[in-house]
Structure formats: C-alpha cells, structure tokens
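I sat down with this one and a fresh notebook page. Here is what I looked up, in the order I went through it.

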Amino acid sequence: MIKLTDVRKSYAGKVVLDGIDLAVQAGEVVSILGGSGAGKSTIVNCINGLVAPDSGSVLLDEFSVANRKGLREIRKKCATVFQNFNLYPHLTNIENITLAPVRVLGVEPKNALADAHDLLHSVGLNEHADKYPAQLSGGQKQRIGICRALAMSPDYLLLDEITSSLDPEMTAEVVDVLKLLVDKGMTMILVTHELNVARSISSRIVFLEAGRILVDVHRDVFFSDAFLDENRRIKSFIASANGL
Amino acid sequence: MSFLSDIGPFIPALWDGFLTTAAVSAASILGSFVVGTALAVVATYGGRIAAMAATIYIEAFRNISFLVLIFFFYFGLPELGIFISAFWTGVLVLSLAVGAYVADAISAGLTNVQGGVKDAATAFGLTTAQRIRLLELPLALRVSLRPLGSLFVNLILTTSILSTITLNELTNAAKIIASTTFRPFEVYFLLLILYSILTYLCSVIVHRMHVRANRFLAT
C-alpha cells in the first residue's frame, strides 16, 4: 500500500501540497487530476523520493521515504514513467531497460537482457532494441519508458503525465500498454490532464486543487452527471479539458 | 640537394625528438584527462569544502605561467631533494596545468546533462557514483570532446617549452640541428610540418571520437 499522511510541500513560500492524505491499495489504479500547478506531479515525486516533503509521512508498504534505507527499498518496488521520457540518450533502448535491473537489483545481465527482449516484444518494439531513443517516435519512446519501469518488476508504477506530450495516435499506443497492465493487476498512480486516459484505465479518481484533495471517488462516480452537477468546479475543469 | 645532404645525418636525431614529443604529449593528454576529470567531478558533486578546493586548484593553475611551473618543478624541487627527469617533469606539469582547463571543459559538460536523466537514474535507485560514472560523465564527455580537442592540440604545441629544461624533444632537436647546419629556415620549416602532423593527428582522432560518441543522436 502507498500511504501519504498530511504531506506538505512548499517552494519558495508557495504552497504546492497542503496536507495530502492518500492511500492506494494493491491492485488499485488511481488517477490524479487537476489543473496546472495543483501539485499532481509533486505527489508522485514525493513517493519516488525525488522531492522531500516538508512534513508528513510517505510510506510504501512498511518503508518510509524519510530514511535512506527505506527510500532504497521503495525505489526497487516502485518504478516511475516520466512525462518527457527521460531515457538515457547515449544508451540503446535495450541498455536503457537493463541498466537498473543489473545495477540496482543485481539481476544477471544475461537474464536482464532476455527479460528486456520479452518486454520489448510485448509492446511491439523488439526490432528497435539496438536503436537509440533519438531514433524513435514519442509514442515508441514512452513505451520504452514503460518497459524500463516494468523491467524492475515493480509492485507499484507511477505514471507522471506520460501521454501529455504525445499526439492522439501515440497516446492510444501507450494506453493500450497501460490496459494490459491493468489486466495484470498492477497498482498504478497516474497523473494526467487527459480525462479519456483516466477514464479508460483508473478505478479511482483523485482531484487536486491548490495542493489539496478536493474529491477522492470511484471513477464511475466522478464522471456521473449527478456528481458533476454537485461539483461545479470539477465540471468546469472537465469542460475546459474537453475543449468545451 | 645541399639541404638534404646537410640535414640527412640529423634525421635520426629529429626522429628521436619527434618520438619524444609524441610520447610526452600522449602521456600528458592522458594525465591531464585524468586530473581534469577528477577535478570536474569533485567541483561538481563534491561537498562544499572539496568543491571549493577543486575550484581553487582550477583557478590557480589557470593563472600561473607554464614556464614558471616548469622551472619550479625542474630546478626548484631538487633543492628539497626531489629529482624528476625532464621527461616526467614535462608530463607532470602539463598534466597538472592542462588538467585545470580540462576540468573546466568537463564541468561545463556535466552542467549540461539534462535534469531528466538525473531524475530517472535517481528514481530507479542508481547510486550517485553509478549515476555519475554510467550516465552523467559519458554524456558530459560527448559534449566536451570538441573543446578538449582544442586543449590537447595546444598541449602538443606547448611541449616545445620543455626544450628549456633540456628535454631533447622536437624543438630542442631542431635547435641543435639548426645551429649545427646553419640552415634555420629549412630546419624550422621542417619543424612546423612535424608539429602540424602531430596536431592534425590529434584533431582527426578527437573528431572521430566525437562522431562515434554522438552516433546516438543520429536519426
């Protein structure tokens, strides 16, 4: 379980997270929605330890990000896929995927290579194994990013705006991969602006506003007319996200 | 014809000088690269005191006359009982002095590494040492190769100063031949060509390394 309790974070006096309480159970897929600057990505970065909260606790199973040993274990169990891919440009795609399993988990290089080929095959990119990231399209890069995360055999997956820099066709490619992961029961936190992506894969929606959780409900509730009629601000967010 | 017959007997001496210059250059390029890389890593990632020490070193060696350094190491250190041959004095001083410039070039490359690469490496649990060694340094070197090439060409040309501490490198050999044959124009012209061969070779090697190292950018 991922559990955030009263997490607060400010940058130069600007409050980004203002007392976040969030629990994600194994097998859940939680989408975090909200406007720009609402604090969505900061939540993800507090979980993977790229950002240290000012106060509050972040736990993943029994491990806390507050101590070095806990953080090391969290990073083994919880992998991140980034908005801008963040692939290692000087390594081939297969090397991007095998680097962390070999260096962090201590997997035998031969086994890591075989696993990486299996992953690439599963996302239809096996023939691009020995190419470099610069030789791929955005959608292909993001699928490599997902493979890199899955190569860690994570219990949890953090997906930070992973489709926001992709066109609709490439987004569809990535969503297809995410649906496969949902079917396998992967626990995921998805930060997104895109309602269709959230609607198609999440079980729960968390809506953030100004660093606070405004609502935390089941997906079907979130997108229901009755709920939206009661929550005008969310309705206007959805309308603007849909370009209405 | 007369020039060739005058200079002919000295060709082996000139060749020896050429080989000495090539050897001192190669050893100093390697030495300055090691010194510069270590300084850049300490200056970029070291704690406050270590980074400050590295920065002071870089600034100090960039502001000291190379000739004075050479004299200090070759003529000054023996007073303390430290004797180093002219060859190794040259290698040591060139490594220390050019290392400061190399550190600057590599530091600029390290600063240039995208934050996303660091974030990904950190989030995936790589240690700081792994991150630097496997990702940031290789990426920085790819950016720094061209400026490093210019530094190494300058280093090769600077080896001529080692003639002042009796190292029988190319310039020293040429000086002896010119004063023996009384043909300074021809001898120093030949010297220009020989230095050009060395620096051109260095440029070609660095260019090829740059192209190979950046092949990942090809689409």
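**Entry 1: Leu119(A)**

I started with Leu119(A), which is buried, at a relative accessible area of 17%. For these labels, buried means under 20% relative accessible area, exposed means over 50%, and partly exposed is in between, with a 1.4 Å probe and protein chains only. Leu119(A) sits in helix H4 (residues 109–122) of chain A. I noted that helices (H or I, at least four residues) and strands (E, at least two) are DSSP runs, numbered from the N terminus.

What does Leu119(A) touch, leaving aside its neighbours within four places in sequence? I found Ile97(A), Cys147(A), Leu150(A) and Ala151(A) in contact with it, where contact means heavy atoms within 4.5 Å. Ile97(A) is 22 residues away from Leu119(A) along the chain, and their C-alpha atoms are separated by 9.1 Å.

**Ground rules**

This is a predicted model, in which local features need pLDDT of at least 70 and side-chain atom pairs count only at pLDDT 80 or more, while totals for chains, interfaces and linings use all residues. Residues are numbered from 1 along each chain as its sequence is written, chains are lettered from A and ligands numbered from 1 in the order in which they are written, and side-chain values use heavy atoms, with hydrogens and water left out.

**Entry 2: Lys9(A)**

Next I checked Lys9(A): is this lysine buried or exposed? Lys9(A) is buried, with a relative accessible area of 12%. I located Lys9(A) in strand S1 (residues 2–11) of chain A. Leaving aside neighbours within four places in sequence, its contacts include Val16(A), Thr42(A), Val51(A) and Pro53(A).

**Entry 3: salt bridges**

How many salt bridges does a search of the whole structure find? I got 16 over all chains, a salt bridge being a side-chain nitrogen of Lys or Arg within 4 Å of a carboxyl oxygen of Asp or Glu.

I picked out Asp18(A) and Arg8(A), whose side chains meet in a salt bridge at 2.8 Å, N to O. Asp18(A) lies in strand S2 (residues 14–24) of chain A and Arg8(A) in strand S1, so the pair ties together parts that are ten residues apart in sequence. Arg8(A) is partly exposed at 34% relative accessibility. I also saw that Asp6(A), Arg8(A), Asp18(A) and Arg212(A) are linked in a network of salt bridges.

Then I turned to Lys76(A) and Glu73(A), with their closest N and O atoms 3.8 Å apart in a salt bridge. Both lie in helix H2 (residues 68–77) of chain A, three residues apart, about one turn of the helix. Lys76(A) is partly exposed at 27% relative accessibility, and Glu73(A) is partly exposed at 23%.

The last pair I looked up was Asp155(A) with Lys77(A), where the closest N and O atoms of the salt bridge are 3.5 Å apart. Asp155(A) is in the loop between helix H5 (138–150) and strand S7 (156–160) of chain A, and Lys77(A) is in helix H2, so this pair ties together parts that are 78 residues apart in sequence. Asp155(A) is partly exposed, at 38%.

**Entry 4: chain B overall**

I moved on to chain B, which has nine helices and zero strands. Its C-alpha atoms fill a box of roughly 70 × 50 × 20 Å along the principal axes. Of the 219 residues in chain B, 45% are buried. Among its contacts between residues at least 6 apart in sequence, 76% join residues at least 24 apart.

**Entry 5: helix H3(B)**

Which residues of H3(B) are buried? I listed Ala51(B), Ala54(B), Ile58(B) and Phe61(B). They cover an arc of only 105 degrees around the axis (taken from the directions from the helix axis to the C-beta atoms), which puts them on the same side of H3(B). The face turned away from that buried side carries the exposed residues Arg48(B), Ile49(B) and Ile56(B). Among what covers the buried residues of H3(B), I noted helix H2 (11–45), helix H4 (66–76) and helix H5 (86–112) of chain B.

**Entry 6: Ile197(B)**

I closed the page with Ile197(B), found in helix H9 (residues 184–213) of chain B. Ile197(B) is partly exposed, with a relative accessible area of 39%.
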